[in-house]
Amino acid sequence: MATDWRPTASIETLRERAGLLAEVRGFFAARGVLDVETPVLGHGGSTDVHLASLSLTATTPAGRERLWLQTSPEFHMKRLLAAGSGPIFQLARSFRDGEVGGRHNIEFTMLEWYRPGFSLDALIEETVALIRLVLGPTPGGEAGSLRRRRYRDLFREALELDPFGVELGELRRLAGQRGGLDMSDAARDDCLDLLMSLVIEPTLGREGIDVVVDYPASQAALARRHRDPEDGEWVASRFEVYLAGLELANGYDELTDADEQRERFAEDNATRRQLGLPEVDVDRRLLAALEHGMPAGSGVALGIDRLIQLALGKTSVAEVMAFATPNC
């Protein structure tokens, strides 16, 4: 008899998950952050070359149109910010093609929130407070101490190189050696990403929460950029949070300049063409919202399934999802 109809999480785990999600909503309610819902479909997808957006063709008032399943609720939420929503959060269904494994699922829940007027430091403090609340007195234990780690210092400590200054040839050689791959034609960021994921990430968050800051400017995505006080190198105004070797959250000092955002979308699609990847429709409504004026502030996306996995002491995200991708 077939058993693939069964949930991938136990009913007791789903009850525990519901309790933790209620705590998340209570956390934001106590801080006056509005709970919002936005569409999972939009007219633009993520141009990020490291993400694979899913799309479909739908019948709309305009006829047959291509619509995109969101990789995160970011674009719609930023339109709300531009319309004057104030601080907002959302527990949103999100989709990324090809992402299946112990830490990933094609369809997952993203917790995303935006804080107009917040500095990146203030958002880091709030993000850590939420993580500690969810972990609390659970099988996952307390989150422990907090360390801020600079991206380039991590590479210096683990690999004895400065990721901003090392020659591309040497970086390719090292990445190929560590990854067992031919990296002779790889882009700089691809080499850095491989070394980060294979060598550095597994060591992070082993003695508490690690917050990594000052990523290369080329990895700014939808974040602002600033000068590294060490040598004036441009770096991204963003952070990532790690615990137990897992990346939990990715936060930005949000980009509000429509022209710069338009250029970044175009650069992403140009890179996609070079790599033989499909181009992704640009969200013109987001650009219009930025032109109207989005308030300065910070935002963060947190993988709530991963956090619940840690809180409940599970070994994979499938164990905290009612139906993970293979059983959906």
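Select Arg 238 and Asn 250 to start: their side chains are joined by a polar contact of 3.3 Å. Bear in mind that you're looking at a predicted model.

Stay on Arg 238 and bring up Gln 219. The arginine side chain also reaches the backbone oxygen of Gln 219, at 2.7 Å. Color strand E10, residues 234–243, and you'll see that Arg 238 lies in it. Is Arg 238 buried or exposed? Its relative accessibility is 6%, so this arginine counts as buried. To see what surrounds it, leave out neighbours within four places in sequence and show its contacts, among them Leu 120, Val 212, Asp 214, Tyr 215, Ala 223 and Tyr 252.

Next stop: helix H7. Select residues 258–275, which make 18 residues. From first C-alpha to last, H7 reaches 26 Å, close to the 26 Å expected at 1.5 Å a residue. Show Ala 258, Gln 261, Arg 264, Phe 265, Asn 269 and Arg 272 as sticks; these are buried. Now turn the view to look down the axis: the buried residues of H7 fall within an arc of 130°, so they line one face of the helix. For the background, residues three or four places apart point the same way because an α-helix has 3.6 residues a turn.

What do the buried residues of H7 pack against? Add helix H2 (74–82), strand E9 (225–227) and helix H8 (284–292) to find out: those are the partners. Flip to the face turned away from the buried side and pick the exposed Glu 263 and Gln 274.

Finish at the ends of H7. Asp 257 caps the N-terminal end, with a side-chain oxygen 2.9 Å from the backbone nitrogen of Asp 259. After the helix comes Gly 276, with a positive phi near 75°.

Terms used: Residues are numbered from 1 along each chain as its sequence is written. This is a predicted model: local features need pLDDT of at least 70, side-chain atom pairs count only at pLDDT 80 or more; totals for chains, interfaces and linings use all residues. Side-chain values use heavy atoms; hydrogens and water are left out. Helices (H or I, at least four residues) and strands (E, at least two) are DSSP runs, numbered from the N terminus. The expected span of a helix is 1.5 Å times one less than its number of residues. Buried means under 20% relative accessible area, exposed over 50%, partly exposed in between (1.4 Å probe, protein chains only). The arc is that of the directions from the helix axis to the C-beta atoms. Contact means heavy atoms within 4.5 Å. A polar contact is a pair of N or O atoms within 3.5 Å; within protein, one must be able to donate a hydrogen and the other to accept it, and residues adjacent in sequence count only if both atoms are side-chain atoms.
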